[in-house]
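Visitor: I would like to be walked through this structure by asking about its rings, its sheet and one of its helices.

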Amino acid sequence: MPWVMDLSGRQAWASEAIETLRAAHVPLQPADAPETAATAGIIFAGTQSQELVSALGLAEYGRCRVLVFGPPDGRLKPWPVLEAGAAECMAWRGQVAPVAAWLQRIEDVEAVIDSVPVRDKLAGQSPALRSALRDLVVAAKFGNAPILIQGETGTGKELAARVAHAVSSQRGNLVVVDCTTIVPTLMGSELFGHERGAFTGAVSVRTGACSGADQGSLFLDEVGELPLELQPELLRVVQEGTYKRVGGDRWLHSKFRLICATNRDLAHEVAAGSFRTDLYHRIAASVVTMPPLRNRLEDILCLFARFCREATGARTDPEVDPAVQDVLLRRGYPGNLRDLRQLAFRIAARHVGPGAITPGDLPREDRPQAGRQAAGQVQNAYDDGPAGAVDPLAVDPLAVDPLARAVAWAVDAGLGLREIKERAAEAAVAVAVERSGGNVHSAATMLGLTDRAVQQRQARRTDTDGPQTR
């Protein structure tokens, strides 16, 4: 159930707003701190404050979407609040129906993201991935305009296109055209088809991708490779749904959702004159950026396990030695998902028996170089930059950062990310209370929380620990 917090200092407008929503049967659970298990929450705030920023930060790294309402006079400016992590910010003026619709949309989107068709294609729970999936699902399921998926090579752009088609309302097929593998002179035939005798070798009629995608989706992978002379024809079929086969004189019709992908900066291509401005603005109605693997560190281990299962046909995730986990998390992945997948296949081929994947299972070229951390020089897959450049991970953070040492201990102990965050929060509260001599208000101020949030943390820890033997 969505939660609601009042950070306005119990101002009359906020109290009245909460009562209005309750009277309209909008399901809301009163809370003194964000409920991280929920998908959505509402905060009423009089001003931009540290308390508000802290509450938004606690909203589970983007997993929980937060709507912030400010006073009716509009003095709470939306842009800093959105920058702090809110999904929406507006002045409260009695908009009950929009609130109910917003909460329902959040629930619908999150349900699609967590559905089997999506999880089977794009696995992971990192904030970066969920943010991209959220944009993708909103564009694909709740809109019908073209979608441009951009990102580095190997970030899963084709998988994202397949997700977009799967969650959309298109009844037809998904037709994939890789613009990098087609001879430029034959790309017109590939897209629009050709008539018999249109050119040498055209011994029969070909329908083309636009015909095959009718009532479905047409996915143009690496659309930046599309020849300039073909771009007006593509623009016509996208805008008007009409096209001609190569060598033909009849207008044919096709209606499809266009999905494009590129690892190029198409805006730069437009400025350089190698991509039409009108086509760019047409295909970029909705833009989704797939994050690189370096921004998805939380997903690396689960993806590695998934790729190992794919390589071996196993039904369960393999156990991975902590030293190997450390290598996986520190390694650079210039090829992103493709790079990690190939690494998993190499390791899976060397691994023998039912035990854990151990350091010896790593091929020699994938192991950390001896003395790497001390020398600070990287010239293999651990370095995404030029050979000999200083790797920011080359100096062991555990040697200089006590917090990193504590996190490393937790990871080695087998704790998951959620449990690490929860225990870190409990430890922070315990330390703050101890430093403040047991003064809850002082501890709350120190941590940027409400008094009630600190008390809840203390009570939760007492309930979890149970009676203590003295």
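The conversation below concerns a predicted model.

Visitor: How many aromatic pairs does the count come to?
Guide: A pair of aromatic rings is described by the distance of the centres and the angle of the planes. Rings whose centres lie within 6.5 Å are taken as a pair, and by this rule the count comes to 5.

Visitor: Is the pair of W13 and F44 stacked or edge-to-face?
Guide: The centres of W13 and F44 lie 6.0 Å apart, with 65° between the planes. The two rings come from distant parts of the chain, W13 from helix α1 (residues 12-23) and F44 from strand β3 (residues 40-45), 31 residues apart. Because planes over 60 degrees apart count as edge-to-face, the pair of W13 and F44 is edge-to-face.

Visitor: Which kind of aromatic pair do F44 and F69 form?
Guide: F44 in strand β3 and F69 in strand β4 (residues 65-70) are 25 residues apart, and their pair links distant parts of the chain. Their centres are 5.5 Å apart and their planes differ by 20°. Since planes under 30 degrees apart count in that class, the pair of F44 and F69 is stacked.

Visitor: Is F69 buried or exposed?
Guide: The relative accessible area of F44, its ring partner, is 0%, and F44 is buried. F69 also has a relative accessibility of 0%, and because anything under 20% falls in that class, F69 counts as buried.

Visitor: Which residues form one aromatic cluster?
Guide: F44 pairs with W13 in an edge-to-face arrangement, and F44 pairs with F69 in a stacked one. The one aromatic cluster is formed by W13, F44, F69 and W92.

Visitor: Which strands stand at the edges of the open sheet?
Guide: The open sheet has 5 strands with parallel pairing, in the order β2-β1-β3-β4-β5. Within this sheet, β4 and β5 run parallel and are joined by 4 bridges, and the bridge partner of F69 in β5 is M90. Each edge strand has a single partner, so one side of each is left without a neighbour in the sheet, and these strands are β2 (29-30) and β5 (88-91).

Visitor: Within what arc do the buried residues of α15 fall?
Guide: Helix α15 (residues 337-350) has 14 residues, and its buried residues are L337, D339, L340, L343, A344, I347 and A348. These buried residues pack against α13 (300-312) and α14 (322-330). Seen down the axis of α15, the buried residues line one face of the helix, because they fall within an arc of 165°.

Terms used. Residues numbered from 1 in each chain as written. Predicted model: local features only at pLDDT ≥ 70, side-chain atom pairs only at ≥ 80, totals over all residues. Heavy atoms only, no water. Helix = DSSP H or I, 4+ residues; strand = E, 2+ residues; numbered from the N terminus. Buried < 20%, exposed > 50% of the residue type's maximum accessible area, 1.4 Å probe, protein only. Expected span 1.5 Å × (residues − 1). Arc of directions from axis to C-beta. Contact = heavy atoms within 4.5 Å. Pairing = 2+ DSSP bridges.
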